[in-house]
Amino acid sequence: MTSLSAPVPPVPHDVPRGSIAWLRASVARFSNGPDHVRRRALAVDLLAPVDPDSLREKAFRRTHRIVSGLDVVDVMVELARPVPVGVLAEALGLPDVSADVVPVAAAYHPHVEPDPAAEAALTRLIAVCGGPTELAAARIGLLVQACDATAGLIGNELFAALTGKPAGQPVLATRRRIDGEDVTVSLAGTPFGAGPRACPGSRHARALAAGVLEALHGFRLTETEPSWVSSPNLRMPSVLPVTRGRTAPAVC
Ligand code: HEM
């Protein structure tokens, strides 16, 4: 068994229904055994009818609309999360819930203590999805999984395209329980994971990222340095301001 095929560290199940802890306890990402198989199938089935080409086209159009009125845009805040999440939500039959998905995504991982704003955002997402069922958790889980990871893909690819440096992979490591111990497992060389828990949204993520990036042709980095997310497991900009024009302005 490769380390990525090992179980994930289990999360508590005796938790308030509808809370962030309930979301973790209800999605494939933090489940093992038959729960993982059933919940992963829900996620895969929800994604199956979603056409990547259509996501790409819609992400392009949405990005183009947002940037057409702006001279400077922070890609990470204004585009890289709201556009892919909004487009994917629509494809899953939901309204644009990206403003609520962003805080839930920030509180999703078990080492994070959820704040009241994230809990309130999840309450609204659950209401939009018809109540706290396993299917609702699967839909919300797709949007949450898409949120930061796809933003990382966009940020890294754009930074690489604009600087000529190689694009880093956004998710560098994950967690597994091996021989009774919770360990960090590298994802180097497998940006979308591998084995029975490999990312089921990789084609969709690439299409969404491609649509956003196509709409940013002709933009360049501003003078402001990008800043990077300070997490050992993530490599992605936290701020990436860009402006129109391929070349830096002449210095007088
Ligand atoms: C449309 C966008 C995306 C969707 C819907 C999505 C969905 C998911 C879901 C549902 C899982 C859990 C699978 C399971 O536990 O069986 C997952 C896992 C994963 N995703 Fe994605 N994802 C997206 C984008 C990305 C991106 C952009 C990356 C990184 C480049 C990424 C990397 C991963 C990795 C590494 C895992 C496995 C984690 C592990 O093995 O512990 N995903 N994704």
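This tour moves from the ligand and its iron atom to the surrounding shell, and then to the strands and the helix that packs on them. The model is predicted.

**The iron atom**

Begin by selecting the iron atom of the ligand together with C199. The SG atom of C199 lies at 2.4 Å and is the only protein donor of the iron atom. Extend the selection along the chain on either side: C199 is located in a loop, with strand 3 (181–186) before the loop and helix 9 (202–214) after it.

**Polar contacts of the ligand**

Next, display the residues that surround the ligand. There are 25 of them, and the closest are H36, R40, T174, R176 and C199. Three of these merit individual inspection of their side chains:

- H36: an N or O atom of the side chain is 2.6 Å from an oxygen atom of the ligand.
- R40: a polar side-chain atom is found 2.7 Å from a ligand oxygen atom.
- T174: the distance from a polar side-chain atom to an oxygen atom of the ligand is 2.5 Å.

**The shell as a whole**

Colour the shell by residue class. It contains 14 nonpolar, seven polar and four charged residues. Then colour by secondary structure element: helix 2 (33–47), helix 8 (134–163), strand 2 (173–178) and helix 9 each contribute at least two residues to the shell. Helix 8 provides the largest share, with six residues.

**The hairpin of strand 2 and strand 3**

Select strand 2 and strand 3 together. The two strands run antiparallel and are joined by six bridges. One pair to pick out is R177 with its bridge partner D182 in strand 3. Strand 2 and strand 3 form a hairpin, with two residues between them. In the turn, select D179, whose phi is positive, at about 50 degrees.

**The three-stranded sheet**

Now select strands 1, 7 and 4, which form an open antiparallel sheet in the order 1-7-4. Strand 1 (72–74) and strand 4 (219–221) are the edge strands, each pairing on one side only. On average, neighbouring strands of this sheet are turned by 35 degrees against each other, direction ignored.

Focus on strand 1 and strand 7 (residues 241–244), where three bridges connect the strands in the antiparallel sense. Here D74 has P241 of strand 7 as its bridge partner.

Finally, return to helix 8, which packs on the sheet and touches strand 4 and strand 7. The direction of helix 8 makes about 90 degrees with that of strand 4. Helix 8 thus appears at two stops of the tour: it supplies six residues of the ligand shell, and it packs on this sheet.

Terms used: Residues are numbered from 1 along each chain as its sequence is written. This is a predicted model: local features need pLDDT of at least 70, side-chain atom pairs count only at pLDDT 80 or more; totals for chains, interfaces and linings use all residues. Side-chain values use heavy atoms; hydrogens and water are left out. Donors are N, O and S atoms within 2.8 Å of the metal (3.2 Å for Na, K and Ca); water is not among the atoms, so sites may look incomplete. Helices (H or I, at least four residues) and strands (E, at least two) are DSSP runs, numbered from the N terminus. A residue is near a molecule or strand if one of its heavy atoms lies within 4 Å of it. A polar contact is a pair of N or O atoms within 3.5 Å; within protein, one must be able to donate a hydrogen and the other to accept it, and residues adjacent in sequence count only if both atoms are side-chain atoms. Ala, Val, Leu, Ile, Met, Phe, Trp, Tyr, Cys and Pro count as nonpolar, Asp, Glu, Lys and Arg as charged, and the others, Gly among them, as polar. Two strands pair if DSSP finds at least two bridges between them. Axes are lines fitted to C-alpha atoms, for helices over the stretch in contact, and angles run from 0 to 180 degrees between N-to-C directions. Contact means heavy atoms within 4.5 Å.
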